[in-house]
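Here is a guided walk through one protein model. Have your viewer open, and let us take the pieces one at a time.

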Amino acid sequence: MTMNKHDFTDRLKEIKRGVRAEVTGIAAVADAWESALADYGREPSAAHLEHAGRMFDYLAENIERQQAEWAAKSRTREEWVELERQWVEDTTRISREDVHDYLMTALEAARDHYRRLPAGEMKDAALRRVARLCAEYEATMRQLRPCGYVFCGGVLAEIGEGGLSLGHGNARYCCDKHREAQRNAERRFEATSKRYKAGTYLPQHAYIPKRGASVEEAYQARVTVGGEKRQNWLKNIDSASIPTRKCTVKVA
């Protein structure tokens, strides 16, 4: 005796409850689906097919999450470091490259001004300004300190209407938010050190996908954002035209 539509729907729901319990055996789920179809004895409706499609999508996610967990358990600390190196949590902070751009823009402007002046006292004064800015560039770049948050990528500096200011004293973080974020990262490292072969500071969704997103999608979203030039008030400066090198006073 074939089952009615209501019973068939209930059977599908029962199969789906099993899938939601982190089942990863696709053959068993497929067999349950085929058995339900045979008992139903007729073509499933569009709603039933959509229901089944979602169920198998969920099953695929179970499998991917399980594989990601297995991969995490076997990674060495060196492999975690490589993943962490590319992970970016915040692209709004002032970076070392931003400070370089800011200082070199002022220096290049001073050099251009010097080149346009005729010989005389004003040109000599302009050359001294170039030398001073050059010395300031090298001193400032040596003094830059990175934020203590492992996924910040920024430095302890601010650029605003008043110019450039560096972090002072015993400051370790660019903001209170990142101080707390580092504590959380250290807790994650301690927990994963006990669970896996080696610990990691990464949030779990960086290597085990959330529902509806693959590991690659979750990871690449952050890596791609981190690779773009930070969107601050320096965004209109073409930093590619300013070389990163030892500063010299040469202006000719």
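The paragraphs below go through a helix, a hairpin and some salt bridges.

Before we begin, please keep in mind that this is a predicted model.

Let us start with helix α5, which covers residues 96-116. How far apart are its end C-alpha atoms? The helix has 21 residues, and at 1.5 Å a residue these should span 30 Å. The end C-alpha atoms lie 31 Å apart, so the model agrees with the expected span. Now look at which of the α5 residues are buried: D98, V99, H100, D101, L103, M104, L107, A110, R111 and Y114. The cover over these buried residues includes helix α6 as well as the strands β1 and β2.

Those two strands make a good next stop. β1 takes in residues 157-160 and β2 residues 163-166; the two run antiparallel and are joined by four bridges. Together they form a hairpin, with two residues between the strands. If you would like one pair to find in your viewer, G160 has G163 of β2 as its bridge partner.

From here we can move on to charged side chains. Side chains of opposite charge can pair when their charged atoms come close. How many salt bridges does a search of the whole structure find? The search finds twelve, and we will visit a few of them.

Helix α6, already met as part of the cover over α5, holds one of these pairs. R132 and E136 form a salt bridge, with their closest N and O atoms 2.8 Å apart. Both belong to α6 (residues 121-143), and because they are four residues apart, about one helical turn separates them. Each is partly exposed: R132 has a relative accessible area of 42%, and E136 has 35%.

Helix α3, residues 46-74, has a pair with this kind of spacing too: E50 and R54 are four residues apart, so about one helical turn lies between them. Their side chains meet in a salt bridge at 3.1 Å, N to O. R54 is partly exposed, at 40% relative accessible area.

Our last stop is a small group. Which residues are linked with E180 in a network of salt bridges? They are R183 and R187. Between R187 and E180, the closest N and O atoms are 3.8 Å apart, and a salt bridge counts when this distance is within 4 Å. R187 is partly exposed with a relative accessible area of 47%, and E180 is likewise partly exposed at 34%.

Key
Residues numbered from 1 in each chain as written. Predicted model: local features only at pLDDT ≥ 70, side-chain atom pairs only at ≥ 80, totals over all residues. Heavy atoms only, no water. Pairing = 2+ DSSP bridges. Buried < 20%, exposed > 50% of the residue type's maximum accessible area, 1.4 Å probe, protein only. Expected span 1.5 Å × (residues − 1). Contact = heavy atoms within 4.5 Å.
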